[in-house]
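Trainee: I'd like a close look at a single part of this one, please. Pick a part that lets you tie the rest of the chain to it, and take your time.

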Amino acid sequence: MLTSWDLLPYVASVELLVSELLTNALQHGEGPEVEVMISAGDDYLHVFVRDGSSHKPAPRPLDMEAENGRGLRLVTAIADEVDVSQDGTTVHCALALQARAA
């Protein structure tokens, strides 16, 4: 999809964002389904992951010995914007797009 939108430079970042958010949704979500949506505008590429859980995700305290618990920290380091819907069911990330040639 990103290739068809001429956004190939963003593939690795979007793969990592979706992987981390989807893993969190599958491990911690409470809904019967998980939804992923990717969209692009003129200025931003958006990733939405909805898991049906009303519990808002929060980064865990950093534990250098732990094998997990870094996902949300990676997401916030990669994305230019990260927010959670008011009801807690959806995490939204945005990547700022560099100016594209007309």
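**The hairpin and what surrounds it**

Mentor: Let's start with the strands E1 (residues 35-40) and E2 (residues 44-50), which pair in the antiparallel sense over six bridges. Helices and strands here are DSSP runs, numbered from the N terminus: H or I over at least four residues for a helix, E over at least two for a strand. Two strands count as paired if DSSP finds at least two bridges between them. One thing before we go on: this is a predicted model, in which local features need pLDDT of at least 70 and side-chain atom pairs count only at pLDDT 80 or more, while totals for chains, interfaces and linings use all residues. Residues are numbered from 1 along each chain as its sequence is written, and side-chain values use heavy atoms, with hydrogens and water left out.

Back to the pair. E1 and E2 make a hairpin, with three residues between them. At one end of the ladder, take Glu35: its bridge partner in E2 is Arg50. Step back to Val34 and you are in the loop between H1 and E1. Val34 still has company from further along the chain: its C-alpha atom is 4.6 Å from that of Asp51, which is 17 residues away in sequence. Ignoring neighbours within four places in sequence, Val34 is in contact (heavy atoms within 4.5 Å) with Leu22, Ala25, Leu26, Val49, Arg50 and Asp51. Even so, Val34 is partly exposed, because its relative accessible area is 30%; buried means under 20%, exposed over 50%, and partly exposed in between, with a 1.4 Å probe and protein chains only.

Now widen the view. The hairpin belongs to an open sheet of four strands, in the order E1-E2-E4-E3, with antiparallel pairing. E1 and E3 (81-84) are the edge strands, each pairing on one side only. From one strand to the next, the twist averages 15 degrees; the strand axes are lines fitted to C-alpha atoms (for helices, over the stretch in contact), and angles run from 0 to 180 degrees between N-to-C directions. Over at the E3 edge, four bridges join E3 to E4 (residues 90-96), and the two run antiparallel. Within that ladder, Val84 stands opposite Val91 in E4.

Thr90 is a good place to see both sides of E4. Thr90 lies in that strand, and beyond four places in sequence its contacts include Phe48, Val49 and Arg50, along with Asp83, Val84 and Ser85. With a relative accessibility of 15%, Thr90 counts as buried. The Thr90 side chain also makes a polar contact with the side chain of Thr89, at 3.3 Å. A polar contact here is a pair of N or O atoms within 3.5 Å; within protein, one must be able to donate a hydrogen and the other to accept it, and residues adjacent in sequence count only if both atoms are side-chain atoms.

What packs with E2? Look at Leu45, which, leaving out residues up to four places away in sequence, touches twelve-odd places you can pick out yourself, among them Trp5, Tyr10, Val14, Ile38, Cys93 and Leu95. Leu45 is also one of the residues that touch the most other members of the largest nonpolar core, alongside Tyr10, Val14, Leu21 and Cys93; that core has 18 residues. By nonpolar core I mean a set of buried Ala, Val, Leu, Ile, Met, Phe, Trp, Tyr and Cys residues joined through side-chain atoms within 4.5 Å. H1 (11-28), E2, H2 (71-78) and E4 each supply at least two of the core residues, and H1 gives the largest share, five residues.

Past the far end of E2, the chain enters the loop between E2 and H2, where Ser53 lies. Ser53 counts as buried, since its relative accessibility is 1%. Apart from residues up to four places away in sequence, Ser53 touches His28, Gly29, Glu30, Gly31, Asp87, Gly88 and Thr89. Ser53 and Ala25 are 28 residues apart in sequence, and 8.3 Å apart from C-alpha to C-alpha.

One oddity sits in the segment before H1, where you find Asp6. Most residues other than glycine have a negative phi. Asp6 is not a glycine, yet its phi is positive, at about 60 degrees. Asp6 is exposed, with a relative accessible area of 62%.

Finally, the whole chain: two helices and four strands, running α-β-β-α-β-β from the N terminus. Of its 102 residues, 26% are buried.
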